[in-house]
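Trainee: Before we discuss anything, could you put the sequence and the structure up, please?

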Amino acid sequence: MTGEVNADRRNVALVGPYTTGKTTLLEMMLFATGAISRKGRVQDGTTVGDGSAEARARQMSAEVSAADATHEGAEFTFLDCPGSVEFSQETFDALLGADAAVVVCEPDPERAVSVTTLFNFLDEHDIPHLVFINKMDQATTRVAAVVDALQEVAGRPLLLRQVPIRKGETITGYVDLITEQAYAYKEGGPADTIDLPDEVKDREQDARTDLLEKLADFDDVLLEALLEDQEPTLDQVMDDLKETFARDAVVPVFIGSAEHGWGVRHLLDALVHEAPGATQTAERRGIDLSATEPLAQVIKTYNTQHAGRLSLVRVWRGAIDDGAVLNGERVSGVFRMMGQQPSKLTSAEAGRIVGLGRLEGIMTGDSLSTGALKADDRLERIEPIAPVYGFSVNAAKREDEVKMSTAIAKLIEEDPSLSFEQNPETHQSILWGQGEMHLKVALDRLKNKYNLVLNTLPPKTAYKEALRKSISQHGRFKRQTGGHGQFGDVHLDIKPLPRGTGFEFHNKIAGGAVPRQYIPAVQAGVKDALQHGPLGFPVVDVSVVLTDGQYHSVDSSEQAFKQAARIAMNEAMPQCDPVLLEPIYEVVISVPKEFTSKAQRLISGRRGQIMGFGDKPGWETWDEVAAHMPHSEILDMIIELRSITQGIGTFEWKYDHLQELAGRMAEKAIEANRPND
């Protein structure tokens, strides 16, 4: 098999917000191309996409699904990507392997803002994309209003390619603005050619003129023809459309209904004749196609229950054979993908997206080659998205504690936007992710794949306490049990330090009242006592000075002086007016401008202090709101933030400082930390 890129191959990602119908669109595309003989339904759990148990249980995409098809001689791999913002990592990783993307939307101007994040990612990475306005059978708003709303959040000019034909308020077909041919929709089948209805002609002419004028912004010849009232040729318009679309300069817009098959074949035709092929994409990515070594990139990792590890890869150059060695790992199977049903291949040529078996140690985003990877061959990878929500987890069965870390590590290999930490301050094991649904899917995967059931609790806040008064304290430990006893005696000066200073220990013993070899034991005893202050939390920002003491030549020991220091500290600290400290984080919330005031109210309602707001760099229609917020108020904030921003608001956070907490909030924190009797 040749290692040359197949120019007739296209890898197309289906992306869009949750509930827009991407999986149904994939199903109809596969049916229309003959890749499947019967359409499945999301509600019945019979679709090629959404094949995992977790996806079918929720009737939503939870990971990328790949499926191959052929249309008009062109070979396709479709990537059905999750719509929920909580699974954005899956979508972004997959898009790096795509030649083009279809952004699936609903015919609702109010929901246009929900595609902003996708538009920004596609434009940032110069990925050609078109829009498919789905569910036109349910439309209650004019298409022009939907396109206008989408244009407000899009970074590229939108080109409406079709205008609907209506009978009353019901859409019955469309007019192609390039060919000016009219079509009547037919349930589940190809549209029928019809004469252009008189009542549509004016609307069609206005829309076509708008399309040509937008294309003329990129072609002086076309602009001159329009200024001279000359009708451009079909070939000229198509050439301009292909060229501008391929370099992500314009975004064509199509309409239809995946459920009924409306407009799906026309969409497929456009992907064949207008979308860039594998060769163009490789050149756009700056890949040296003249080199001899194969080059590929992992866009998704699956750890399957029965077949082991499977890496979904885009082959950029050369051919990859079964048994080839990539980055030191031997390929154990090359697979053509059809959702959850892979079929074996002997080789995969450049341009294909395939599954490669048993590449242990190879991660999502890795560039692969049979030889040494050159610097120019290391392809861009998407960094893991920072977490915004967490569960404290522990195994429901004690004997499963050992395998918990291993199983979660495999989960993170599949989804790098998950992370796992052992928090040394709260002594909790925290599974972090992008939201409540994201983590619940992760827990289901652990149960379904590894028979591992985890109990969950909210993460704790790492409160501290500080002392507000100074004191001098004597501590003595004396025990006589026959034979050698135990004796240690210390005098300590204890005083608070400025916030953030930490712990200081000084020795001012003169004359050997406490022998030098026992000084470290005194310091250790002090540190031990500070781990659990009078309010129940670690004590910070304190200075302790050893000023005097006594020892016994026979009975004194390191342990005795350590215990004496503990006694002194435990007796002194309740007298030092202890106060609770809560961690305050620097938070930057990102939202569309229309939701900025709601985000500010959310911050204020969660005891936050707004530090300022302004434009989000590179995002014309978004704001960033900076604030200082208590850690305890941030832990579930993403749920409320998304509920007020159509699911797309997000934030970044990092520790900033400790701040005193008093009153009822402090009482509740102290009470919650007390051990159960």
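The questions and answers below go from the whole protein to single residues.

Trainee: What share of the 677 residues in the protein is buried?
Mentor: Keep in mind throughout that this is a predicted model. The protein has 18 helices and 34 strands, and its C-alpha atoms fill a box of roughly 110 × 55 × 45 Å along the principal axes. A residue counts as buried when its relative accessible area is under 20%, and by that cut-off the buried share of the 677 residues is 56%.

Trainee: Among contacts with a separation of 6 or more, what percentage joins residues 24 or more positions apart?
Mentor: Contact here means heavy atoms within 4.5 Å. Of the contacts in the protein with a separation of 6 or more, those between residues 24 or more positions apart account for 73%.

Trainee: How far apart are the mean positions of the positive and negative charges of the protein?
Mentor: The accessible surface comes to about 29400 Å², and 47% of that belongs to carbon and sulfur atoms. As for the charges, the protein has 70 positive and 102 negative ones, and the distance between their two mean positions is 9 Å.

Trainee: How many residues of helix α3 are buried?
Mentor: Helix α3 spans residues 88-95 and is mostly covered. Its buried residues include S88, E90, F92 and L95, and their cover includes β1, β3, β4, α4, β12 and α11. The number of buried residues in α3 is eight of eight.

Trainee: Which residue of helix α4 forms a stacked aromatic pair with F92?
Mentor: A search of the whole structure finds 13 aromatic pairs. One of them is a stacked pair that includes F92, with 4.2 Å centre to centre and 5° between the planes. Because F92 lies in helix α3 and its partner in helix α4, the pair ties together parts that are 29 residues apart in sequence. Both partners are buried, and the one in α4 is F121.

Trainee: Which residue of helix α14 stacks with Y518, and is that residue buried or exposed?
Mentor: The rings of this stacked pair lie 5.0 Å apart centre to centre, with 20° between the planes. Y518 sits in the loop between β29 and α13 and its partner in helix α14, so the pair ties together parts that are 43 residues apart in sequence. Y518 counts as buried at 12% relative accessibility. The partner, at 0% relative accessibility, also counts as buried, and it is F561.

Trainee: How many residues does the largest nonpolar core have?
Mentor: In soluble globular proteins, nonpolar side chains tend to be buried together. In this model, the residues with the most contacts inside the largest nonpolar core are L79, L95, V131, I133, L150 and L312. Apart from that core lies another, of 39 residues, among them V388, W619, I638 and I644. The largest core itself has a residue count of 68.

Trainee: Is E106 buried or exposed?
Mentor: E106 is found in the loop between β4 and α4. Leaving out residues up to four places away in sequence, E106 touches T19, T20, R111, I133, N134, K135 and V146. Its relative accessibility is 17%, and because the cut-off is under 20%, E106 counts as buried.

Trainee: What is the phi of K135, roughly?
Mentor: Most residues other than glycine have a negative phi. K135 is found in the loop between β5 and α5 and is buried, with a relative accessible area of 19%. Its phi is positive although K135 is a residue other than glycine, and the value is near 60°.

Trainee: Is N451 buried or exposed?
Mentor: N451 has its place in the loop between α12 and β25. It is not a glycine, yet its phi is positive, at about 50°. With a relative accessible area of 56%, which is over the 50% cut-off, N451 is exposed.

Trainee: What distance separates the C-alpha atoms of A154 and D240?
Mentor: A154 has its place in the loop between α5 and β6 and is buried, with a relative accessible area of 15%. A154 and D240 are 86 residues apart along the chain, and the distance between their C-alpha atoms is 20 Å.

Technical notes:
Residues numbered from 1 in each chain as written. Predicted model: local features only at pLDDT ≥ 70, side-chain atom pairs only at ≥ 80, totals over all residues. Heavy atoms only, no water. Buried < 20%, exposed > 50% of the residue type's maximum accessible area, 1.4 Å probe, protein only. Helix = DSSP H or I, 4+ residues; strand = E, 2+ residues; numbered from the N terminus. Core = buried A, V, L, I, M, F, W, Y, C linked by side-chain atoms within 4.5 Å. Areas by Shrake-Rupley, 256 points an atom, 1.4 Å probe, with all protein chains shown as cover. Lys, Arg positive; Asp, Glu negative; His and termini not counted. Charge placed at Lys NZ, Arg CZ, Asp CG, Glu CD. Phe/Tyr/Trp six-rings, centres within 6.5 Å; stacked < 30°, edge-to-face > 60°.
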